[in-house]
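Here are my notes for someone opening this structure fresh. Have a look at the model alongside them, and take the points in order.

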Amino acid sequence: MFRNFFKVAVRNIIREKFYTVINITGLSVGIVGCLLIGLYVSDELRYDRFHENKDRIVRMVMESKRGQNLNHWPVTGTKPGPFFSRTFPAIQSYVRMFLGSGVVGYGDKIFAEKKILYADSSIFSIFSFPLIAGDQHTALSSPENIILTRSMAEKYFGTEDPLGQSLRLDGENDFIVTGIAEDVPDHSQIHFDFLIQFSLLNGENNEEWFPANYLTYLLIDNEAAIQETERRIDEYMKGLKEEELDLRQFDYATFHLEPLTRIHLHSNLDAMVPNGNLTYIYFLSIIAFLILLVACINYTNLAVAQSSRRKKEMGMRKVLGARQNQLFQSFITESLLLAGIASVLAFILAIQLLPYFNSHSGKNLTQDALINPEILLLLCALWLVVGIFSGIYPAFLFTKIKLIQGLRK
């Protein structure tokens with residue numbers, strides 16, 4: 001039965017070429033718009049969710065007050081991380097970070113680099129930044145060690161084995177390459193091309209509440225303990241004497257904990273990369289829905305406009321014994337076939353438009369992003385929704401045509 005419906009749909013599509021081209025074009029534009037917006041939204045929602053411990057990682061945010069001015073900062077001094085880790089059992093580990101820049105050289109290759117990350121060696125036990133070469137437990141064990149990302153290793157060493165090679169930073173400090181990390185995903189709030197020990201920063205060995213210049217992340221026992229840990233930290237900070245805290249220019253200071261996966265879309269405090277905007281995500285989703293709705297309405301209107309031309313077809317099919325539900329299924333099949341062709345064209349068009357989309361959206365999405373399971377599932381959903389929603393009213397309208405109306409000239 002379905003084979004017969006498919007043949008009828010193909011014949012109608014071929015016979016009504018002008019109508020087919022208009023419909024496929026309209027549906028393709030609607031689907032490609034939804035696809036690209038869906039790609040953007042998917043990338044925003046995926047931020048920092050590739051970490052194995054994502055639900056247990058928090059960022060420390062400092063709250064301070066001076067007079068009537070209440071401020072929040074995404075940075076801390078060198079003390080909060082190690083001190084609270086020793087004080088509160090729920091805190092398993094901590095990592096402090098500082099993103100710097102410098103001139104890196106190897107032989108006659110010298111480049112100014114902007115993503116040199118100073119971090120505690122615990123970064124690998126907290127975050128999921130896999131090493132493709134080297135041991136994550138020892139790669140940052142010495143101040144003379146340096147870890148490169150895959151792209152930086154290719155940039156400086158080509159096909160040569162980077163491990164054990166020496167890199168010079170700022171023309172005076174030599175580092176031994178002890179690890180190669182996979183390139184950091186774009187949907188990460190932490191980015192680096194080079195990774196060296198946090199201890200190389202001046203003053204790191206002194207645990208101080210101020211100055212606050214460093215990103216500090218904590219690994220909590222479990223997600224349920226985050227709020228309780230924050231409450232205990234706040235109580236401790238309120239009990240500190242002013243001279244012990246050394247407030248200097250603030251009336252008081254305390255710390256809050258931001259869950260890692262909520263920072264990008266829910267926090268108004270940027271770190272290494274600008275945060276997203278949840279309102280913008282909602283706005284784009286509404287636009288995608290409206291684009292799809294307009295495409296479906298246009299298809300429906302064109303199909304209804306054809307009703308007078310297809311009355312005779314309906315009449316003859318009823319004379320030949322076609323039942324109402326069979327006519328209905330036939331029209332839905334035709335609509336799904338048109339939507340399927342439009343979906344394939346939309347996918348091809350999305351690949352071609354991706355570079356222009358990246359330049360306007362600030363993203364760095366590749367073609368691989370279009371073939372991930374989420375986007376392919378979205379494409380299938382768009383095909384079904386567009387095919388069924390667009391065809392259901394015309395199918396209902398045509399199948400209600402009476403036999404005598406269909407045979408009347």
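1. A definition to start with: a cavity here is a set of grid points where a 1.4 Å probe fits but cannot get out, and a residue counts as lining when it has an atom within 4 Å of a point. Keep in mind that this is a predicted model.

2. How many cavities of 30 Å³ or more does a search of the whole structure find? The search turns up 2. The second largest cavity holds about 30 Å³ of space. Its lining is made up of L39, S42, D43, R46, L365, A369 and N372. By type, that lining splits into 3 nonpolar, 2 polar and 2 charged residues.

3. Next, the open space. The largest pocket has a volume of about 440 Å³. It is lined by 24 residues, and the ones closest to its centre are Y47, D186, H191, V273 and G362. Which helix gives the largest share of this lining? That is helix α2 (residues 17-45), with 3 residues. Sorted by type, the pocket lining has 10 polar, 7 nonpolar and 7 charged residues.

4. On to the strands, where β8 (residues 173-181) is a good one to follow. Strand β6 (residues 145-149) runs parallel to β8, and 5 bridges join the two. Strand β7 (residues 166-169) is antiparallel to β8, with 4 bridges between them. Strand β5 (residues 131-133) also runs antiparallel to β8, joined to it by 2 bridges.

5. If you want to find those pairings residue by residue, try I176 in β8. This residue is the bridge partner of N145, and S166 stands opposite I176 as well. For the pairing of β5 with β8, look at A133, whose bridge partner in β8 is I180.

6. Don't skip the turn between β7 and β8. The two strands form a hairpin with 3 residues between them, and D170 there takes a positive phi near 55°.

7. Last, the surface. Which residues form a nonpolar patch there? They are I341, V344, L345 and I348, and together they have about 320 Å² of accessible area. To place the patch, start from V344, which lies in helix α11 (residues 324-361).

Key:
Residues are numbered from 1 along each chain as its sequence is written. This is a predicted model: local features need pLDDT of at least 70, side-chain atom pairs count only at pLDDT 80 or more; totals for chains, interfaces and linings use all residues. Side-chain values use heavy atoms; hydrogens and water are left out. Patches are made of residues with over 30% relative accessible area and no salt bridge: like charges are joined within 9 Å, nonpolar side chains (Val, Leu, Ile, Met, Phe, Trp, Tyr) within 5 Å. Accessible areas come from the Shrake-Rupley method with a 1.4 Å probe; for residues, only the protein chains shown count as cover. A salt bridge is a side-chain nitrogen of Lys or Arg within 4 Å of a carboxyl oxygen of Asp or Glu. On a 1 Å grid over the protein atoms alone, a cavity is a set of points where a 1.4 Å probe fits but cannot get out, and a pocket is an open set with protein on both sides within 12 Å along at least five of seven lines; lining residues have an atom within 4 Å of a point. Grid points are joined across faces, edges and corners, and a volume is the space filled by probe spheres set on the points. Ala, Val, Leu, Ile, Met, Phe, Trp, Tyr, Cys and Pro count as nonpolar, Asp, Glu, Lys and Arg as charged, and the others, Gly among them, as polar. Two strands pair if DSSP finds at least two bridges between them.
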